[in-house]
Amino acid sequence: MTEHVGEKNTLQRKTFAAYVSAFAATAALLAGCTSEVEATTPRTTTATPTTETSTPIPTSTEIPRPTSTRTTTPIETVTAIPPAPTEIEQPPATIDCLVQKCIALTFDDGPSPYTGQLLDDLAAHDAKATFFVVGNRIAQYADTVREIRDGGHQLANHSWRHDNLTSIGAAAAAADIARTNTEIFNHTGVTPEIMRPPYGATNQTVIDAVDMPQIMWSVDPEDWKYRDSNYVANHVISNAKRGDIVLMHDIHPTTVNAVPRILSTLRSDGYQLVTVDTLLGTNLPTAKYSRQPLG
Ligand code: NI
């Protein structure tokens, strides 16, 4: 905001002299050929450095004609510019988190009876999220899992039954994650690309055995402990910043009820709410990630 003020003041000072000459030039043109001047006057003002709209002597007062004769030929070359692109089906605008301010909201341990409400709230705020679902809950909430997919959200793996993967052995950990991937695929046709170990508990053995990117988090309102929508919303709103991954759980109604205010606040603060793959990219190397690396 403030950096534009100085720039504008300088512009205003510079432009007064330019206005004087533009005024003279316009008057001279008006004397000769009114119809041509009418078509080109709005362009001549922007062609000169006098781009101000706030200063007092607008050339419009010199132009006697109303704007109704706008259909003269010179203007058509301007309005006829965009041809085919509007007729082609445009894909949804892609979000580039290297350019735009992005935050990834993630929801673990579901699906649950509250997930549907959460999906409605996300849709109402044009927000996408990532759902780390638990494998043995999927059959019971198969419709919800497909709703997650259909809403453009990301389905991700949170193990079969929320075991601590560091304590069950490498082979069991690998089998657990593979089984959950299969279950998600069987109900949705989606093969998850990322996983989150239950409790965030992992080590190199698990990382090697599972061989999937492990997504941790950088903002944690501890919503499992604070079953208080205001607390959860306030924590996320005051801590989440560009590039963060926010950990929440859609099995708690208090968390789901916190989400609308989180969404409306972060959206009005200019954040894009995106899936983890939009934030971090796809085809991630097998490693641990907790936020978007920003330079
Ligand atoms: Ni969990």
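Reader: On strand 3, are the residues that point one way and the other way buried or exposed?
Author: This is a predicted model, in which local features need pLDDT of at least 70 and side-chain atom pairs count only at pLDDT 80 or more, while totals for chains, interfaces and linings use all residues. Residues are numbered from 1 along each chain as its sequence is written, and side-chain values use heavy atoms, with hydrogens and water left out. Strands (E, at least two residues) and helices (H or I, at least four) are DSSP runs numbered from the N terminus. Q154 and A156 point one way from strand 3, L155 and N157 point the other way, and by relative accessible area (under 20% buried, over 50% exposed, in between partly exposed; 1.4 Å probe, protein chains only) all of them are buried.

Reader: Which residue of strand 3 stands opposite F132?
Author: Strand 2 and strand 3 (residues 154-157) pair in the parallel sense over four bridges, where pairing requires at least two bridges found by DSSP. Opposite F132 in strand 3 stands A156.

Reader: Through which helix does the chain cross from strand 2 to strand 3?
Author: The β-α-β crossover from strand 2 to strand 3 is right-handed. With the strands pointing away from the viewer, that term means a clockwise path from the first strand over the helix to the second. The helix on this path, residues 142-150, is helix 5.

Reader: How many residues of strand 2 are buried?
Author: On one side of strand 2, A129, F131 and V133 are buried, and on the other side T130 and F132 are buried too. Strand 2 is therefore largely enclosed by the rest of the structure, the buried count being five of five.

Reader: Which residue lies over the face of F132?
Author: A charge sits over a ring if NZ of Lys or CZ of Arg is within 6 Å of the ring centre and within 35 degrees of the ring normal. Elsewhere, the charged end of R179 sits over the ring of W160, 3.8 Å from its centre. For F132, at 4.2 Å from the ring centre, the residue is R196.

Reader: How many bridges join strand 1 to strand 5?
Author: Strand 1 runs parallel to strand 2 (residues 129-133), with four bridges joining them, and D108 has F132 as its bridge partner there. It also pairs in the parallel sense with strand 6 (residues 272-273) over two bridges, where I103 is partnered by L273. In strand 5 (residues 245-249) the partner of T106 is L247. Strand 1 and strand 5 run parallel, and the number of bridges joining them is five.

Reader: How many of the residues of strand 1 are buried?
Author: One side of strand 1 carries C102, A104, T106 and D108, and the other carries I103, L105 and F107. Both faces are covered, and the buried count is seven of seven.

Reader: Where is I95 found?
Author: I95 counts as partly exposed because its relative accessibility is 31%. It touches Q100, C102, Q272, V274 and T278, not counting residues up to four places away in sequence; a contact means heavy atoms within 4.5 Å. I95 and L279 are 184 residues apart in sequence, yet 9.0 Å apart in space, C-alpha to C-alpha. I95 is found in the loop between helix 3 (73-79) and strand 1 (102-108).

Reader: What spacing do the donors of the nickel ion follow along the chain?
Author: Donors are N, O and S atoms within 2.8 Å of the metal (3.2 Å for Na, K and Ca); water is not among the atoms, so sites may look incomplete. The protein donors are D109 (OD), H158 (NE2) and H162 (NE2), lying 2.0 to 2.1 Å from the nickel ion. H158 and H162 are both buried. Along the chain, the donors follow the spacing D-x48-H-x3-H.

Reader: What percentage of the residues of the protein chain count as buried?
Author: The protein chain has 10 helices and seven strands. Among its contacts with a separation of 6 or more, 77% join residues 24 or more positions apart. Of its 295 residues, the share counted as buried is 39%.
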